[in-house]
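Let's take a walk through this protein together. Please have the sequence and the 3D view open as you read.

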Amino acid sequence: MGTVLAAGIVVYRNNAGKREYLLLKRKEGWLDLPKGHIEEKEDEYEAAKRETREETGLEVHPHRFFRYVAEYSYEDNGKTINKKVIFFIGKSGGSNAVSSSEHVGVEWLSVEELLVKLTHDNDNSKLNVIDVLKAADSYIEKLEMLHKINKEHAKLPQLHDGWNLSRTFVPGEGSLSATVMFIGQAPGKNEDIERRPFIGMAGKLLDQLIHLAGMKRKDVYISNIVHFFPPGNRLPTEEEAALEMPYLLKEIEIIKPKILVLLGSFSAMNVAGIGQVMKNHGTHKYMEKYGCEVFITLHPAAAVRIKANVPIMEKDFNKLKQLISSDSDRQKLL
Ligand code: URA
C-alpha cells in the first residue's frame with residue numbers, strides 16, 4: 001500500500017506574552033493538530049488551509065518557509081497505513097477556534113504545558129505532536145527575533161541626517177532553518193518596489209544557480225549587505241556598508257547557516273575582507289566570526305551583463321553543491 005498524503009497547520013497565538021498552540025481533542029482522548037487529506041488538484045498549502053478552516057473555523061495564512069514532514073504508520077483493520085503529513089505554521093488572527101464534529105473540543109497550550117499533558121493523554125497518538133511542536137516553536141522563536149530586528153532596522157533612514165539611499169527597507173528572505181545563506185550587495189529598483197531581495201534578472205539567474213547546486217530557493221536564505229536601494233544602482237559607500245553590517249551579523253546569528261555564499265566583490269570584501277573575486281571565486285574558508293564556511297562567487301548581475309561569466313558561476317555552484325553534500329570534499333576544493 002502506498003503512502004497517504006495529508007497537510008496541516010501548527011496554529012499559534014501570543015496570549016499575554018505566552019506562545020500557545022492550538023490542539024484538537026479527539027474523541028479517543030488524545031490531542032491532535034489541524035490536518036487532513038490532500039485532495040486531488042489541491043496543493044499541500046491549499047489543503048492545509050482548508051483542513052484548518054474546516055476543523056477549527058479559523059482562516060490561517062501559513063508562513064511560506066516552514067515545512068515540517070511527519071511520517072508514521074499505523075494498523076487499521078489488519079492493514080498498515082503509511083502516512084506523510086506536511087505541516088506549516090500560521091499565526092491565529094485572534095478569532096476563537098471552534099471544534100468540528102470530528103473533535104470534542106479545542107485547547108491552547110504552550111509546549112511546556114503540552115509536555116506535561118502528553119505523558120497522560122497522548123499515548124495513543126500515532127503522530128508525534130510534540131516533535132512537530134518543538135520544531136515549530138524553535139522556528140517561531142527565530143521568526144519573532146527576526147521581525148524584531150527588521151522593525152528596528154527599517155527605522156535606520158529616520159535616524160540619519162542626509163540619508164542617501166531609498167527609505168524602503170528590503171529585508172532578507174527565506175527559510176530560517178537554511179544551511180546556506182546568500183549575501184548580495186544591495187537591492188535594485190525591482191527589489192525596492194517589491195520589498196523582496198533578488199527578484200529581478202540577477203535574481204532569476206540566482207534561482208537557476210541555486211537549482212544547479214541541488215537546492216530550491218525556498219530552502220535557502222537570501223539577504224544583502226545593504227538593505228536599501230542605492231539610487232541609480234550606484235555602489236553603496238563604505239560608510240553605508242559599515243552602518244548595515246551589525247544588522248547582517250544579527251541575521252546570521254539568528255539563522256545560523258553552515259555556509260555563507262558571498263555574491264560579488266562588495267559582499268566578499270565586507271563580509272570576509274576578500275578582494276579580487278575573479279581570482280578567489282569558487283574557494284571557501286571557515287570563519288570563526290560567523291561560525292561557518294564562507295564561499296566566494298561572482299555577483300549574478302555580472303553574469304547577466306557578461307554572458308561569459310555564466311559558465312564560471314555554474315562551475316562555482318557545482319563546487320558549492322559538493323561542499324554542501326560532503327565535508328570530506330572540502331580539502332579538494334581549497
Ligand atoms: N542585486 C543585489 O545585490 N541584491 C539584490 O537583492 C538584487 C540585486
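In this predicted model, a good place to start is His299, which has a polar side-chain atom 2.7 Å from an oxygen atom of the ligand. The backbone takes part too: a backbone N or O atom of Gln185 lies 2.8 Å from an oxygen atom of the ligand, and a polar backbone atom of Ala186 is 3.0 Å from a nitrogen atom of the ligand. How much of the ligand's accessible area does the protein cover? On its own the ligand has 230 Å² of accessible area, and the protein covers 91% of that. If you would like to find the surroundings in your viewer, look for Gly184, Gln185, Ala186, Pro187, Glu191, Pro197, Phe198, Asn224 and His299, the residues around the ligand.

Now zoom out to the whole chain. It has 334 residues, 51% of which count as buried. Its secondary structure consists of 12 helices and 13 strands, and its C-alpha atoms fill a box of roughly 65 × 50 × 40 Å along the principal axes. The accessible surface comes to about 16600 Å², and carbon and sulfur atoms account for 50% of it. Among contacts with a separation of 6 or more, 70% are between residues 24 or more positions apart.

The chain is divided into two parts, domain 1 (3-140) and domain 2 (158-333). How far apart do the C-alpha centres of domain 1 and domain 2 lie? The distance between these centres is 35 Å. Where the domains meet, 4 residues of domain 1 are in contact with 7 residues of domain 2.

Next, look inside. The largest nonpolar core has 85 residues, and those with the most contacts inside it are Phe182, Leu260 and Leu320. Helix α3 (residues 129-153) supplies the largest share of this core, 10 residues. Domain 1 (3-140) and domain 2 (158-333) each contribute at least three residues to this core. Apart from it lies another core, of 12 residues, which includes Ala7, Val60, Ile86 and Phe88.

Leu260 makes a helpful landmark in the largest core. Leaving out residues up to four places away in sequence, Leu260 touches Met181, Ile183, Ile252, Val271, Tyr290, Cys292, Glu293, Val294 and Phe295. One of these, Val271, leads us to helix α8 (residues 265-272), where the buried residues are Phe266, Ser267, Ala268, Val271 and Ala272. What covers the buried residues of α8? The cover includes the strands β9 (180-184), β11 (259-263), β12 (284-287) and β13 (292-297), along with the helices α7 (238-255) and α9 (277-280). Just after α8 comes Gly273, with a positive phi of about 65°.

One of the covering strands, β9, contains Val180. Is Val180 buried or exposed? Val180 counts as buried because its relative accessibility is 1%, below the 20% cut-off. Beyond residues up to four places away in sequence, its contacts are Met215, Val220, Tyr221, Pro257, Ile259, Val261 and Ile324. Val180 and Asp219 are 39 residues apart in sequence, while their C-alpha atoms are 8.3 Å apart in space.

Phe169 offers another view of the interior. Its place is in the loop between α4 (156-159) and β8 (173-174). Even in a loop, Phe169 counts as buried, at 9% relative accessibility. Setting aside residues up to four places away in sequence, Phe169 touches Asn150, His153, Ala154, Arg195, His227, Phe228 and Tyr247. Phe169 and Glu112 are 57 residues apart in sequence and 36 Å apart in space, C-alpha to C-alpha.

One of the residues touching Phe169 is Arg195, our next stop. Arg195 sits in the loop between α5 (189-194) and α6 (201-212). Arg195 is not a glycine, yet it has a positive phi of about 60°. With a relative accessible area of 52%, Arg195 is exposed, since the cut-off for that is over 50%.

We finish at Gln276, in the loop between α8 and α9. Gln276 has a positive phi of about 45° although it is not a glycine, and it counts as exposed at 57% relative accessibility.

Definitions and conventions. Residues numbered from 1 in each chain as written. Predicted model: local features only at pLDDT ≥ 70, side-chain atom pairs only at ≥ 80, totals over all residues. Heavy atoms only, no water. Core = buried A, V, L, I, M, F, W, Y, C linked by side-chain atoms within 4.5 Å. Buried < 20%, exposed > 50% of the residue type's maximum accessible area, 1.4 Å probe, protein only. Helix = DSSP H or I, 4+ residues; strand = E, 2+ residues; numbered from the N terminus. Domains from an automatic or database assignment. Contact = heavy atoms within 4.5 Å. Near = heavy atom within 4 Å. Polar contact = N/O pair within 3.5 Å; in protein donor to acceptor, adjacent residues only side chain to side chain. Areas by Shrake-Rupley, 256 points an atom, 1.4 Å probe, with all protein chains shown as cover.
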